[in-house]
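Okay, thanks everyone, I'll keep this short. Let me put the structure up and then we'll walk through a few parts of it.

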Amino acid sequence: MQLRDYQQQAVDSAVKHFKKSHDSAVLVLPTGAGKSIVIAELARIANGRVLVLTHVKELVAQNAEKVGLLTTAAGIYSAGLKQKSTTHKTVVASIQSAVRAPKQFSEPFSLVIIDECHRVSKDEDSQYHQLLKHLMTVNPKIRLLGLTATPYRLDLGWIYRYHYHGKIGNPEKAVFEQCIFELPMRPLIKQGFLSTPKVFDGLSAQYDFSALSASKAGQYQESEVNDLLSHSGRATTAIVNQLIEIGRSRQGVIIFAATVRHAKEIKKLLAAQEAALITGDTSSDERDGIINSFKAKEIKFLINVAVLTTGFDAPHVDLIAILRPTASVSLFQQMVGRGLRICEGKTECLVIDYAANGYDLFFPEVGQNKANSKSVPVQVHCPVCNFANIFWGLVDDDGDIIEHFGRRCQALVDNNEQKQQCDFRFRSKACPNCGEENDIAARICHSCDSVLIDPDKRLKEVLQQRHHHLFKCDAMLFEEDQKRLKVRYIDIDGNDFCRYFKFDTKPQIRAFYAIFILSHTRTPGIKHPHYTSIKQVIADRDKFKMPDLLLLKKQKKGWELVDSFFDYVGRYQTQNNFIN
């Protein structure tokens with residue numbers, strides 16, 4: 001079997017890395033790129049024994065099959081497949097079975113490969129960590145390699161510490177040390193290795209899940225989802241009727257439902273169609289029978305609830321219907337990936353997102369949670385090292401950046417022959433002790449270890465004094481008043497507080513930049529136009545961010561601004577405190 005160019009490049013990257021380093025590593029390949037072939041080739045060329053771990057029996061069988069195509073047959077250790085052999089040079093195991101019998105893995109392995117490695121957590125009591133700890137006692141020099149299409153977790157961030165493109169990943173919570181190879185999806189589609197995904201928002205109807213709050217793992221409360229869906233019967237009927245109509249010209253349809261109750265409702269509406277339902281409670285034998293019938297095209301519609309996101313391979317699937325919300329871009333990409341494999345008679349895969357999740361398949365991950373539902377990936381160059389950072393942000397109709405939510409430059413820069421993260425911060429708060437800039441959420445100064453002032457603690461102390469006012473901003477207006485720029489803040493009760501800036505001289509304009517623009521800009525790190533008139537600033541009013549709170553102090557001639565609070569989350573968020 002001839003490896004594709006990118007598969008060989010991934011293998012070469014792993015060999016090169018482990019020849020010079022013991023650090024754990026990650027290969028990132030899109031769904032459908034053939035990770036199993038890469039695993040099989042690494043098993044073939046490895047000098048010692050290789051253990052391949054994954055979490056579902058379908059992937060165990062798939063990886064073992066590919067190993068057998070490229071080299072000697074692999075041993076399989078999986079209760080679900082009713083095989084438990086560990087004597088071969090390459091062993092493919094389910095983590096659930098292997099962790100229950102660590103003594104069966106007491107012969108040394110030189111390489112451990114984890115498929116779908118984004119599932120590995122930092123929890124030292126997790127199944128993967130328990131088994132890896134045992135394997136390292138047998139061979140302390142064992143190498144660890146992970147493969148995934150989605151190297152990001154909502155509860156963790158990037159799963160690696162450093163990326164070979166010269167950017168920082170997750171310096172504090174990484175599971176793996178280095179990402180050593182990453183392949184985008186677009187080239188694979190262009191070269192014909194993957195089907196073209198055509199993504200649409202709900203065509204006939206949509207669910208509005210925007211009022212629901214997701215957990216850190218990107219999941220929604222089933223009871224809340226069911227309650228919302230119980231009032232969306234007409235939408236479900238319209239969606240299913242549309243899927244029936246579109247499905248007439250499709251080979252295979254996978255429907256991702258939000259809950260079990262929702263899935264059963266969809267199944268009932270598809271009563272006249274060849275449809276089947278799989279949930280987490282479906283028995284193993286029944287599930288295998290349904291999947292085999294679907295692959296044989298005896299069933300056209302396959303409904304599931306959080307089951308068929310990984311380890312499922314049915315190349316004829318050409319319609320993906322997403323009827324569930326998710327805050328996880330990784331999960332969204334995994335769902336769409338079920339339809340990206342190529343198949344005879346298949347020209348593209350239609351993806352309809354009825355839940356309005358709104359992710360970009362070609363650039364799904366940024367490295368932090370979405371700031372809001374309208375956020376898209378934007379490129380922001382660091383003004384210090386010129387690294388092209390990718391942050392969540394907002395753009396206008398022309399694609400120009402209105403706002404970005406980046407905090408620190410992601411670049412790895414040389415410092416005394418060592419790599420470290422660029423220290424430029426797009427958003428920061430200064431340490432009152434040493435003046436060093438820190439992350440806006442930091443509690444301890446990274447330079448002098450001083451405790452940084454908690455905004456709520458400071459506000460509480462100040463508001464206990466007389467003549468202080470906490471002004472909650474509800475609007476910010478720009479006006480010209482007697483040849484001065486008037487910035488008018490309005491609170492929730494309609495009261496206002498005004499600041500004035502003159503533009504008569506260059507020093508006055510420079511002061512405006514220092515006092516106002518640096519704190520109010522929506523795009524820190526990106527240069528604003530060189531303003532020479534008040535009208536120019538007013539025309540650009542949408543480029544400035546309104547503070548959440550203003551701390552004011554009563555003076556003889558009126559109120560004086562003490563401090564401004566941006567991106568504030570705390571006890572005073574919905575209070576307007578006034579102390580005389």
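So, let's start in a loop: Thr31 sits between β1, which is 25–28, and α2. Before I go on, keep in mind that this is a predicted model.

Is Thr31 buried or exposed? It has 6% relative accessibility, and the cut-off for buried is under 20%, so Thr31 counts as buried. If you skip the neighbours within four places in sequence, Thr31 is in contact with Ala149, Leu194, Gln334, Gly337, Arg338 and Arg341.

Two of those, Gln334 and Gly337, are also on the list of buried residues in α11, so let's go there. Helix α11 covers residues 329–337, and 9 of its 9 residues are buried, so the helix is largely enclosed by the rest of the structure. The buried set includes Val329, Leu331, Phe332, Met335 and Val336, but also Ser330 and Gln333. What does the covering? Among the elements over those buried residues are β8 (152–153), α6 (185–190), β14 (253–256), β17 (319–322) and β18 (348–353).

Now the sheet. We have an open one with 10 strands and mixed pairing, and the order goes β4-β3-β5-β2-β6-β7-β1-β12-β10-β11. At the edges you find β4 (83–84) and β11 (167–168), each with a single partner strand, so one side of each has no neighbour in the sheet.

Helix α3, residues 57–70, packs on this sheet and touches β2, β3 (75–78), β5 (90–94) and β6. The direction of α3 makes about 170 degrees with that of β5. Then there's α5, lying across β2, β6 and β7 (143–148) and running at about 170 degrees to β6.

Looking at the pairing itself, β2 (residues 50–54) and β6 run parallel, joined by 4 bridges, and there Leu51 stands opposite Val112 of β6. Over at β10 (residues 160–163), the pairing with β12 (residues 176–182) is parallel too, through 3 bridges, and Tyr162 faces Gln178 in β12. With β11, though, β10 pairs antiparallel over 2 bridges, and His163 has Lys167 as its bridge partner. Those two strands, β10 and β11, make a hairpin with 3 residues in between, and Gly166 in the turn has a positive phi of about 90 degrees.

While we're on phi values, here are two that aren't glycines. Glu116 has a positive phi near 55 degrees; its place is the loop between β6 (111–115) and α5 (127–138). Glu116 is buried, at a relative accessible area of 5%. The other one is Lys297, with a positive phi of about 65 degrees, in the loop between α10 (284–295) and β16 (301–304). Lys297 is partly exposed, at 46% relative accessibility.

Last topic, the packing inside. The largest nonpolar core has 94 residues, and Leu53 and Leu145 have the most contacts within it. Helix α2, residues 35–45, gives the largest share of that core, 6 residues. Leaving out neighbours within four places in sequence, Leu145 touches a long list, including Ala14, Phe18, Val26, Leu42, Val112, Ile114, Phe176 and Ile180. Apart from that core lies another, of 32 residues, with Leu212, Leu229, Val253 and Phe301 among them.

That's what I wanted to show, so over to you.

Terms used: Residues numbered from 1 in each chain as written. Predicted model: local features only at pLDDT ≥ 70, side-chain atom pairs only at ≥ 80, totals over all residues. Heavy atoms only, no water. Core = buried A, V, L, I, M, F, W, Y, C linked by side-chain atoms within 4.5 Å. Buried < 20%, exposed > 50% of the residue type's maximum accessible area, 1.4 Å probe, protein only. Contact = heavy atoms within 4.5 Å. Pairing = 2+ DSSP bridges. Axes fitted to C-alpha atoms, helices over the stretch in contact; angles between N-to-C directions.
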